[in-house]
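Grab your viewer and work through a few exercises on this predicted model. Try each task before you read the solution below it.

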Amino acid sequence: MGKMLKMGFILAVFCIVAAGGLAYVYMFTQPKIELNSRLALANSKKEVLPASGKGKAIQVSTRGYGGPIDMLVGIDEQGKVSGVKILNQRETPGLGAGISKPAFLKQFIGKTKNDPLVPKNDIDAITGATISSRAVCLGVKNALERSKPRDN
């Protein structure tokens, strides 16, 4: 029994040292990770907003086939989509992951909340990935609903 107790004590010491080391590293890297995330989001906003910079960039998340799809939707002052960027997705490589391709995302530019935004209707769905395509459409719809363009 004494040998088992000694091994348990050694294992506990290793666990405490490892946890302390991990906490120490996290303490120094976490601010840099947050800064890089903020910079990446700021750059993404520039990608989806019109060249004039006027409009809103709205971050939305929907459920795709493989999990959450986080996206940024740019909406100009007239309430039209100016750009869409997929920030994070876990869709099937070679199928649903095609939602990140510029050819798919360009279809949303110029759309408004009055457009149906339905795959196989006014949006060409990714072949074999209707659920993923529908999730992006829903995300863009949600962003359009959340934006409040000025009435002219």
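**Exercise 1. A ring on the surface**

Does Phe 14 count as buried or exposed, and at what relative accessibility?

Solution. Start by locating the residue: Phe 14 is found in helix α1. Next, take the relative accessibility, which is 58% for Phe 14. The cut-off for exposed is over 50%, so Phe 14 counts as exposed. Last, look around it: Phe 14 belongs to a nonpolar patch on the surface, together with Phe 9, Ile 10, Val 13 and Val 17. Their accessible area comes to about 520 Å² together.

**Exercise 2. Aromatic pairs**

Find the aromatic pairs and work out their geometry.

Solution. The count for the structure is 2 aromatic pairs. One of them joins Tyr 24 and Phe 28, with 4.9 Å centre to centre and 70 degrees between the planes. Planes over 60 degrees apart count as edge-to-face, so that's the label for Tyr 24 and Phe 28. Both residues lie in helix α1 (residues 2–48), 4 residues apart, or about one turn of the helix. For Tyr 24, a relative accessibility of 52% means that it counts as exposed.

Now for Phe 104 and Phe 108: here the centres are 5.6 Å apart and the planes make an angle of 80 degrees, again edge-to-face. As for burial, Phe 104 and Phe 108 are both buried.

**Exercise 3. Reading the sheet**

In what order do the strands of the open sheet run, and which of them stand at the edges?

Solution. Begin with the order: the open sheet has 3 strands, β1-β2-β3, with antiparallel pairing. The edges are taken by β1 (56–63) and β3 (81–88), and each has a single partner strand, so one side of each is left without a neighbour in the sheet. From one strand to the next, the twist averages 25 degrees.

Then zoom in on one pairing. β1 and β2 (residues 68–75) run antiparallel and are joined by 8 bridges. If you pick Gln 59 and look for its bridge partner in β2, you land on Leu 72.

**Exercise 4. A glycine with a distant partner in sequence**

Where does Gly 66 sit, and how far is it from Glu 91 in sequence and in space?

Solution. Gly 66 is in the loop between β1 and β2. Its relative accessibility is 34%, so Gly 66 counts as partly exposed. Between Gly 66 and Glu 91 there are two separations to report: 25 residues in sequence, and 4.6 Å in space, C-alpha to C-alpha.

**Exercise 5. Salt bridges**

How many salt bridges are there, and which parts does the one between Glu 47 and Lys 85 tie together?

Solution. The count is 2 salt bridges. Take Glu 47 and Lys 85, whose side chains meet at 3.1 Å, N to O. Glu 47 lies in helix α1 and Lys 85 in strand β3, so this pair ties together parts 38 residues apart in sequence. On accessibility, Glu 47 is exposed at 52%, while Lys 85 is partly exposed at 24%.

Finish with Asp 122 and Lys 111, where the closest N and O atoms are 3.5 Å apart. Both residues lie in the loop between α2 (102–105) and α3 (130–146), so the parts tied together here are 11 residues apart in sequence. Lys 111 has a relative accessibility of 15%, so it counts as buried.

Note on methods. Residues numbered from 1 in each chain as written. Heavy atoms only, no water. Phe/Tyr/Trp six-rings, centres within 6.5 Å; stacked < 30°, edge-to-face > 60°. Helix = DSSP H or I, 4+ residues; strand = E, 2+ residues; numbered from the N terminus. Buried < 20%, exposed > 50% of the residue type's maximum accessible area, 1.4 Å probe, protein only. Patch = residues over 30% accessible without salt bridge, like charges linked within 9 Å, V, L, I, M, F, W, Y side chains within 5 Å. Areas by Shrake-Rupley, 256 points an atom, 1.4 Å probe, with all protein chains shown as cover. Salt bridge = Lys/Arg side-chain N within 4 Å of Asp/Glu carboxyl O. Pairing = 2+ DSSP bridges. Axes fitted to C-alpha atoms, helices over the stretch in contact; angles between N-to-C directions.
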